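Please find below my note on the structure under review. The points are numbered for ease of reply.

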Amino acid sequence: CFVPTGYKDKQLAFHPSAVDVRLQPEDSPPLIHRMWAYQVDTSQPMETYKSDDNRMFTMVLAKGKEGEHWHQIFRGDSAGVRCLEPPYSLTETDDDVIMEIKLPF
């Protein structure tokens, strides 16, 4: 996920549980605080990766039932929505963040 408040001097807190997950930058409201749509295996470690400047974050988790097809990651998401290509592109430089949207969408 893209963390828009990414600063090298701020901590990025990741709080997973069997029921939900929260990703929260220091001194900011949560970016993600959602309930899992399916069971996760909390006996396995969750791996996390983040960029040095705290702008990008990735998590790897084990499914509760190995091989199960998940139609969504979080409860309330539309089925398959995260499998679709977004109708925009995001480009970042040292000075700017540019979002390009193809119209009509």
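The points that follow treat confidence, overall make-up, the two hairpins and one loop residue in turn.

1. Status of the model. The coordinates are those of a predicted model. Mean pLDDT for the protein chain is 83, and 91% of the residues reach 70 or more. Where pLDDT is low, the predicted coordinates should not be read in detail. Confidence within the protein chain is lowest in strand β6 (residues 88–92), with a mean of 84, whereas β3 has the highest value, 91.

2. Secondary structure. The protein chain contains seven strands and zero helices. Read from the N terminus, the order of elements is accordingly β-β-β-β-β-β-β.

3. Dimensions and burial. Along the principal axes, the C-alpha atoms of the protein chain fill a box of roughly 45 × 40 × 20 Å. The protein chain has 105 residues, of which 14% count as buried. Its accessible surface amounts to about 8000 Å², and carbon and sulfur atoms contribute 52% of that area.

4. Contacts and charges. Among contacts in the protein chain with a separation of 6 or more, 39% are made by residues 24 or more positions apart. The protein chain carries 11 positive and 17 negative charges, and the mean positions of the two sets lie 6 Å apart.

5. The β2–β3 hairpin. Strand β2 (residues 20–25) and strand β3 (residues 32–35) run antiparallel and are joined by four bridges. One pairing to inspect is that of Arg22, whose bridge partner in β3 is His33. Six residues lie between the two strands of this hairpin, and Asp27 in the turn has a positive phi of about 60 degrees.

6. The β6–β7 hairpin. Strand β7 (residues 97–101) pairs with β6 in the antiparallel sense, over five bridges. Tyr88 stands opposite Ile101 of β7. The connection from β6 to β7 is a hairpin of four residues.

7. Asp77. Is this residue, Asp77, buried or exposed? Asp77 belongs to the loop between β5 (57–60) and β6. Asp77 is classed as buried because its relative accessible area is 15%, and the cut-off for burial is under 20%. Ala37 is 40 residues away from Asp77 along the chain, yet the C-alpha atoms of Asp77 and Ala37 are separated by 8.4 Å.

Key
Residues numbered from 1 in each chain as written. Predicted model: local features only at pLDDT ≥ 70, side-chain atom pairs only at ≥ 80, totals over all residues. Heavy atoms only, no water. Pairing = 2+ DSSP bridges. Buried < 20%, exposed > 50% of the residue type's maximum accessible area, 1.4 Å probe, protein only. Contact = heavy atoms within 4.5 Å. Areas by Shrake-Rupley, 256 points an atom, 1.4 Å probe, with all protein chains shown as cover. Lys, Arg positive; Asp, Glu negative; His and termini not counted. Charge placed at Lys NZ, Arg CZ, Asp CG, Glu CD. pLDDT = per-residue confidence, 0-100.
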